[in-house]
Amino acid sequence: MSENRLEIRNLHARIEGVDAILKGVDLVVPRGEVHALMGPNGSGKSTLAKIMAGDPSYEVTDGDILIDGESVLEMEPDERARAGLYLAFQYPVEVPGVSIANFLRLALNARREEGDEIGVMEFYTKLQRAVKALDWDESIIERNLHEGFSGGEKKRSEILQLLVLEPRYAILDETDSGLDVDALKVVAQGVNAARGPGFGALVITHYQRLLNYIIPDKVHVMSNGRVIESGPKELAMELDVKGYDWIRAKAGETAANGASATA
Ligand code: ADP
Ligand code: MG
């Protein structure tokens, strides 16, 4: 039953000196589906993403995170990547002197068994297909990773990594990056190109407008450290119009015991 899905089970987490941030998160993303995670500021969305990436500043006090039935809680970030998880922000911001092409080949080979390195032709075919899917110029692959990149180019490079590395599951936290419409479209282009039976994604966002370009199979709403509602894609539109208060009231929360309602 737990095969072929990313599962977050009753996850509780805190940070030193701070009360619990996650208070029992339950969430399942089957492989082959793209889910959206929404919710007001401070509800714990980015914390959840960082804990999935293995950020050591958070302490998991209860619950589990499973990839295809296997717990990743005890794994280092690079082991999680090898287990099939992709998190955009786990990669270095700038790598002087290393081209995108070389970086991606190294990253790809790091995920494979020793002696099973990807062939040069196979690699370039894969890379060119990904560059094309993002409407990017082919010359980009010779540029040094993120050196002098604009915000939009960095975003595109992150999504290029996603397409080349072909993870089983991707977690994209687009909440704080202040993306303009072009960057939103790049993210959507990448996720939509990656879509398929072997790929599952959790797209974290405040903005319903990202979901104009990525049509999610399911929408989850997080508030005060829990997922308080899940529903079809229409739920995102409803939240866009009505805000979060009604859904928090329905879950028995008030603004006083929850996080701030500003989104
Ligand atoms: P969201 O991404 O949904 O806006 P966050 O996960 O960023 O929410 O934050 C959830 C709550 O946890 C907030 O109240 C925030 O202040 C707190 N929090 C998150 N990270 C830290 C940290 N490193 N130190 C202290 N508090 C934190
Ligand atoms: Mg956030």
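How many of the residues of strand β7 (residues 169–173) are buried? Five of its five, so to speak the full run of the strand, and β7 counts as mostly covered. Before going further, keep in mind that this is a predicted model.

Let's stay with β7 for a moment. Both of its faces are covered: on one side sit Tyr 169, Ile 171 and Asp 173, on the other Ala 170 and Leu 172, and all of these are buried. The strand has partners too. Strand β6 (residues 85–87) pairs with β7 in the parallel sense, over three bridges. If you want a spot to look at in that pairing, find Leu 87, whose bridge partner in β7 is Ile 171. Then there is strand β8 (residues 200–204), which also pairs with β7 in the parallel sense, here over five bridges. Ala 170 is a handy marker for this one, standing opposite Ala 201 in β8. As a reminder, strands of a sheet pair through backbone hydrogen bonds, either parallel or antiparallel.

Now move along to strand β9 (residues 218–223). Five of its six residues are buried, so β9 is largely enclosed by the rest of the structure. With β3, β9 pairs in the parallel sense over four bridges, and Met 38 has Val 221 of β9 as its bridge partner. With strand β10 (residues 226–231), β9 pairs in the antiparallel sense, over five bridges. Here you can pick out Met 222, whose bridge partner in β10 is Val 227. β9 and β10 make a hairpin with two residues between them. Have a look at Asn 224 in that turn: its phi is positive, at about 50°.

A little further along the chain comes helix α7 (residues 234–242). Which of its residues are buried? They are Leu 235, Ala 236 and Leu 239. Looking down the axis of α7, you'd find these buried residues within an arc of 105°, so they line one face of the helix. The face turned away from that buried side carries Asp 240 and Val 241, which are exposed.

Next, go back to the N-terminal part of the chain. There you'll find an open sheet of four strands, in the order β2-β1-β4-β5, with antiparallel pairing. The strands at the edges are β2 (20–30) and β5 (70–71); each has a single partner strand, so one side of each is left without a neighbour in the sheet. Inside the sheet, strand β1 (residues 5–15) runs antiparallel to strand β4 (residues 58–67), and eight bridges join the two. One pair to check by eye is Ala 13, which stands opposite Val 60 in β4.

Two residues help to get a feel for this region. Val 29 has its place in strand β2. Although β2 is an edge strand, Val 29 is buried, with a relative accessible area of 2%. Val 29 and Arg 5 are 24 residues apart in sequence, yet their C-alpha atoms are 5.6 Å apart in space. Then there is Glu 33, in the loop between β2 and β3 (34–38). Is Glu 33 buried, exposed or partly exposed? Its relative accessibility is 26%, so Glu 33 counts as partly exposed. From Glu 33 to Ser 71 there are 38 residues in sequence and 20 Å in space, C-alpha to C-alpha.

That leaves the ligand. Around ligand 1 you'll see Ile 15, Val 18, Ile 21, Pro 40, Asn 41, Gly 42, Ser 43, Gly 44, Lys 45, Ser 46, Thr 47 and Tyr 58. This shell divides into five nonpolar residues, six polar ones and one charged. Which element gives the most to the shell? Helix α1 (residues 45–53) does, with three residues.

Zoom in on the oxygen atoms of ligand 1 and a few polar contacts show up. A backbone N or O atom of Gly 42 lies 2.8 Å from a ligand oxygen, and a polar backbone atom of Ser 43 is 3.2 Å from an oxygen of the ligand. Thr 47 uses its side chain instead, with an N or O atom there 2.6 Å from an oxygen atom of ligand 1. As for cover, ligand 1 taken alone exposes 560 Å², and the protein buries 62% of that.

How values were computed: Residues are numbered from 1 along each chain as its sequence is written. Chains are lettered from A and ligands numbered from 1 in the order in which they are written. This is a predicted model: local features need pLDDT of at least 70, side-chain atom pairs count only at pLDDT 80 or more; totals for chains, interfaces and linings use all residues. Side-chain values use heavy atoms; hydrogens and water are left out. A residue is near a molecule or strand if one of its heavy atoms lies within 4 Å of it. A polar contact is a pair of N or O atoms within 3.5 Å; within protein, one must be able to donate a hydrogen and the other to accept it, and residues adjacent in sequence count only if both atoms are side-chain atoms. Accessible areas come from the Shrake-Rupley method with a 1.4 Å probe; for residues, only the protein chains shown count as cover. Ala, Val, Leu, Ile, Met, Phe, Trp, Tyr, Cys and Pro count as nonpolar, Asp, Glu, Lys and Arg as charged, and the others, Gly among them, as polar. Two strands pair if DSSP finds at least two bridges between them. Buried means under 20% relative accessible area, exposed over 50%, partly exposed in between (1.4 Å probe, protein chains only). The arc is that of the directions from the helix axis to the C-beta atoms.
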